[in-house]
Amino acid sequence: MTASIAPSAVDLDRVQVRTIRTLVVSQAVGAVGVTIGVATASLLARDISGSESMAGLAQTFQVLGTAGAAVLLSRLMRRHGRRVGLVTGYLLGAVGATLAVVAGVVDSMLVLLLGAVLLGATTATNSGSRYAATDLAPEESRARALSVVVWATTIGAVAGPNLTGVGAGLANAMGIPELTGGFAIGAVALVAAAAWIGVLLRPDPLLLAQAAAPVEPSDTPTRSWSRFTTTVREVPAVGAAVVGMACAHASMVTVMIMTPLHMEHGGAHLEVIGFVISLHVLGMFAFSPLVGLAADKWGRPPVLVAGGLTLLVSLVLCGFAPEGSSWQIFAGLFLLGLGWSFSTVAASTIIADRTPLSARTDVQGSSDMVMSLMAAGGGALAGVIVQGFGYPVLAAFAALLGAAVVAAGIATRRDAQGSAADPGRQLDHST
């Protein structure tokens, strides 16, 4: 167990500012590693496997890796703080990106899927970063703190898919398959993000929050999943927020991973596909500070409902988009990302607001695991649905998930009016 930190010797406001600045940089750099392969992962899986129905497997296994890593990293964070968990996640992702390069060289689907699982740890790490921003944040500005870190992903996430051309040139220079060049760049970015967090995320915000607001461990279950289920049972708003966040993520992933194939069928070039994915990622992250401001000002539930409605509009546009490049696919993918942003910021903040400090990392990790498993299921079905019925049917399937987000937002409104579940969550920032 990491040594405790004496809060009386620390200016919590100053630590919070330093924490946000550190997380902003790591998110920006780490996002390159997460997104640089998004535009090419399904194409690489198709080329290696020789089947379009297998194209979604790389993303599906990456999401499965995210689910497993979310729980493992949350346990690390509970015992040793955010810094150890985040560094571990980024390094696992770097190994995964390297294995993706190896998979292309040796033409092995098994190696690609193993790499995808490890690369999923990076997504879990970025998710943990957004929660790290809330550890020391006052409740009235908690959504903004979370959303600023989410916003930072924009820098690397938009740049990542647009580096596909650079990655292809690097791959040609290295003598490796063209579609693996992006993963090589991503591996370097993830190592850099790990080094940044390892050096600068001090003092650890979670350990400091625990020291400033101690709780009685005997009042909580000892197992991670038990802590999660107990919290969901006692605080229904947390359960509704988990459902909303999971359905929003599954809806987004299901459609996003098959969009490159839908566009390629119509003759769209790799650069155009990369630009559309960048536009989608822009919607996911670029406006999150405004989303956080709205959630702090007008409440989390209305923003969650707005996210579900935005997802429904985006899926209608995607469903009517012809193959190749079209205004419908550009607008649809952008709004798909924006709806995800509304839903994720609002739901994540509800979870941070209403979860007791003693169960914080377990609930957050389990929530992200549920979210990832939902997305993995959608991703596994995506290739089968597109091959058997077409891309418009896939969009209609995802719209059912979007409707569930709206329902979850309505449910959280009924229960999210109470005070935070942990009376010790309001930290003294005047020390």
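What volume does the largest cavity have? I began my notebook with this point, keeping in mind that the model is predicted, and I found a volume of about 470 Å³ for the largest cavity.

**Entry on the cavities**

I looked up how many cavities of 30 Å³ or more the structure holds, and the count is 5. For the largest cavity I then asked which residues come closest to its centre, and of the 27 that line it these are V34, T123, H249, M284 and F285. I noted next where the lining comes from: the elements giving two or more residues to it include α1 (12–35), α3 (57–80), α11 (236–256) and α17 (360–388). Helix α13 gives the most, with 5 residues. By class, I wrote down 13 nonpolar, 13 polar and 1 charged residue for the lining of the largest cavity.

I turned to the second largest cavity, which has a volume of about 90 Å³. Among the residues that line it are R82, Y131, Q364 and D368, and the elements that give two or more residues to this lining are α3, α5 and α17. I recorded its classes as 5 nonpolar, 5 polar and 2 charged residues.

**Entry on helix α13**

Having met α13 in the lining of the largest cavity, I looked at G283, which lies in this helix. Is G283 buried or exposed? I found it buried, because its relative accessible area is 0%, where buried means under 20%. I also checked a contact across the sequence, and G283 and L336, although 53 residues apart in sequence, are 7.4 Å apart in space from C-alpha to C-alpha.

**Entry on the salt bridges**

I reminded myself that side chains of opposite charge can pair when their charged atoms come close. The count of salt bridges comes to 11, and I followed three of the pairs.

The pair I took up to begin with was R130 and D368, whose closest N and O atoms are 3.1 Å apart. This pair links distant parts of the chain, with R130 in helix α5 and D368 in helix α17, 238 residues apart. I checked both partners for exposure: R130 counts as buried at 4% relative accessibility, and D368 counts as buried at 4% as well. I noted again that D368 is one of the residues lining the second largest cavity.

For the next pair, I saw that the side chains of D296 and R144 meet at 2.9 Å, N to O. D296 lies in helix α14 (residues 288–298) and R144 in helix α6, so this salt bridge ties together parts that are 152 residues apart in sequence. D296 is buried, with a relative accessible area of 18%, whereas R144 is partly exposed at 34%.

My last pair was D353 and R300, with the closest N and O atoms 2.8 Å apart. Because D353 lies in helix α16 and R300 in helix α15 (residues 300–319), the pair ties together parts that are 53 residues apart in sequence. D353 is buried, with a relative accessible area of 6%, and R300 is buried at 9%. Which residues are linked in a network of salt bridges? I listed R142, R144, D296, R300 and D353.

**Entry on the surface**

Finally I looked at a nonpolar patch on the surface, formed by V102, V105 and V106, which together have about 230 Å² of accessible area. V105 lies in helix α4 (residues 82–106), and I found it partly exposed, with a relative accessible area of 49%.

Conventions:
Residues are numbered from 1 along each chain as its sequence is written. This is a predicted model: local features need pLDDT of at least 70, side-chain atom pairs count only at pLDDT 80 or more; totals for chains, interfaces and linings use all residues. Side-chain values use heavy atoms; hydrogens and water are left out. Patches are made of residues with over 30% relative accessible area and no salt bridge: like charges are joined within 9 Å, nonpolar side chains (Val, Leu, Ile, Met, Phe, Trp, Tyr) within 5 Å. Accessible areas come from the Shrake-Rupley method with a 1.4 Å probe; for residues, only the protein chains shown count as cover. A salt bridge is a side-chain nitrogen of Lys or Arg within 4 Å of a carboxyl oxygen of Asp or Glu. Helices (H or I, at least four residues) and strands (E, at least two) are DSSP runs, numbered from the N terminus. Buried means under 20% relative accessible area, exposed over 50%, partly exposed in between (1.4 Å probe, protein chains only). On a 1 Å grid over the protein atoms alone, a cavity is a set of points where a 1.4 Å probe fits but cannot get out, and a pocket is an open set with protein on both sides within 12 Å along at least five of seven lines; lining residues have an atom within 4 Å of a point. Grid points are joined across faces, edges and corners, and a volume is the space filled by probe spheres set on the points. Ala, Val, Leu, Ile, Met, Phe, Trp, Tyr, Cys and Pro count as nonpolar, Asp, Glu, Lys and Arg as charged, and the others, Gly among them, as polar.
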